[in-house]
Amino acid sequence: MSDAPFPSALNKPPGYNDPNSPAGFKPPPRKPVLPPSFRPKKKKGSVCCCCFCISFSILIALIIIFAAVFYFSVNPKLPRFHVRSFQIPRFNVTETPDGTYLDATTMTVMEVRNPNGKMTYYYGDTAVDISVGEGEDETELGTAKVPKFTSRKQNTTSLKVETKASNKQVDNTLANRLLSGYKSKSLAVNVAARTKVGVGVAGLKTGMLGVTVKCKGITMKQLDGDDMPNCLIHTLRWIKVG
């Protein structure tokens, strides 16, 4: 009968100190072997992020190049707005026991100039507000609607606006100041036009952007002397150009 094979040395339990090992010697700790499901996978996010940054940089560069080519080839200019004339055919102040009332009719001619040789401006329906006086004295005299129109290359478009204020109750002192300014032609005129504008270049047409044009503090005497100050264009609530 053959002898049974001698068993191999058993693994030492954790924390076992071999009495035959040199004093103070400790074997290095063994790394735990994790199953495949717990092994960390290599991340590919950094590669994707790098590709995105490169693509985004190329896109920005192309946009800048296109904008520069467009600017130097088209040389775009903003439209110009003026109040060509302003008349008040009727301006009556009536005092009654119930209060003071104002009746007024206004006629305004507004000019829209397109100085560009390669661009066309498209305007949507326009609401024009007319008021007179400055600061706390400013008094509304009505609103008129102007249908959409096109301002072609190097062309001037005239917009005729008529408004009416009937039996508008006002403070008696204010009414007298407005009437005095009307008679002396020192009355300040304010015109505000709210519209949307688009641009056409080389057969292409952009979307419409909301704008407000304000012509404030122009006196009737200035307009009679053919003085036409530039109006300011407001867009995106904080941008002012004129």
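## Start of helix α2

At the start of α2, the backbone nitrogen of threonine 173 has a side-chain oxygen of aspartate 171 within 3.0 Å. The model is a predicted one, and the contact is read from its coordinates.

Helix α2 covers residues 172–184. Its 13 residues should span 18 Å at 1.5 Å a residue, and the C-alpha atoms at its ends lie 19 Å apart, which agrees.

## Buried side of α2

The buried residues in α2 include Leu174, Ala175, Leu178, Leu179 and Gly181. They sit on the same side of α2, because the arc they cover around the axis is only 160°.

Several strands contribute to the cover over these buried residues. Among them are β1 (80–96), β2 (99–114) and β7. The cover also includes β4 (126–132) and β5 (139–146).

## The sheet beside α2

Three strands form an open sheet in the order β1-β2-β7, and their pairing is antiparallel. Strands β1 and β7 are at the edges with a single partner strand each, so each has one side without a neighbour in the sheet. From one strand to the next, the twist averages 10°.

Between β2 and β7 the antiparallel pairing runs over 14 bridges. One bridge partner can be named: methionine 107 is matched with glutamate 162 in β7. Helix α2 packs on this sheet and touches β1, β2 and β7. The direction of α2 makes an angle of about 130° with that of β1.

## Two residues with positive phi

Most residues other than glycine have a negative phi. Two exceptions are described here.

Asparagine 167 has a phi near 50°, which is positive although the residue is not glycine. This asparagine 167 belongs to strand β7, residues 155–170. Asparagine 167 counts as exposed because its relative accessibility is 55%, and the cut-off for exposed is over 50%.

Lysine 185 also has a positive value, with phi near 60°. Lysine 185 comes just after α2, in the loop that leads from α2 to β8 (188–201). Is lysine 185 exposed or only partly exposed? Its relative accessible area is 39%, so lysine 185 is partly exposed; that class lies between the limits of 20% and 50%.

## Summary

Helix α2 has a polar contact at its start, between aspartate 171 and threonine 173, and a positive phi just after it, at lysine 185. Between these points, α2 packs on the sheet and has buried residues on the same side.

Terms used:
Residues are numbered from 1 along each chain as its sequence is written. This is a predicted model: local features need pLDDT of at least 70, side-chain atom pairs count only at pLDDT 80 or more; totals for chains, interfaces and linings use all residues. Side-chain values use heavy atoms; hydrogens and water are left out. Helices (H or I, at least four residues) and strands (E, at least two) are DSSP runs, numbered from the N terminus. Buried means under 20% relative accessible area, exposed over 50%, partly exposed in between (1.4 Å probe, protein chains only). The expected span of a helix is 1.5 Å times one less than its number of residues. The arc is that of the directions from the helix axis to the C-beta atoms. Contact means heavy atoms within 4.5 Å. A polar contact is a pair of N or O atoms within 3.5 Å; within protein, one must be able to donate a hydrogen and the other to accept it, and residues adjacent in sequence count only if both atoms are side-chain atoms. Two strands pair if DSSP finds at least two bridges between them. Axes are lines fitted to C-alpha atoms, for helices over the stretch in contact, and angles run from 0 to 180 degrees between N-to-C directions.
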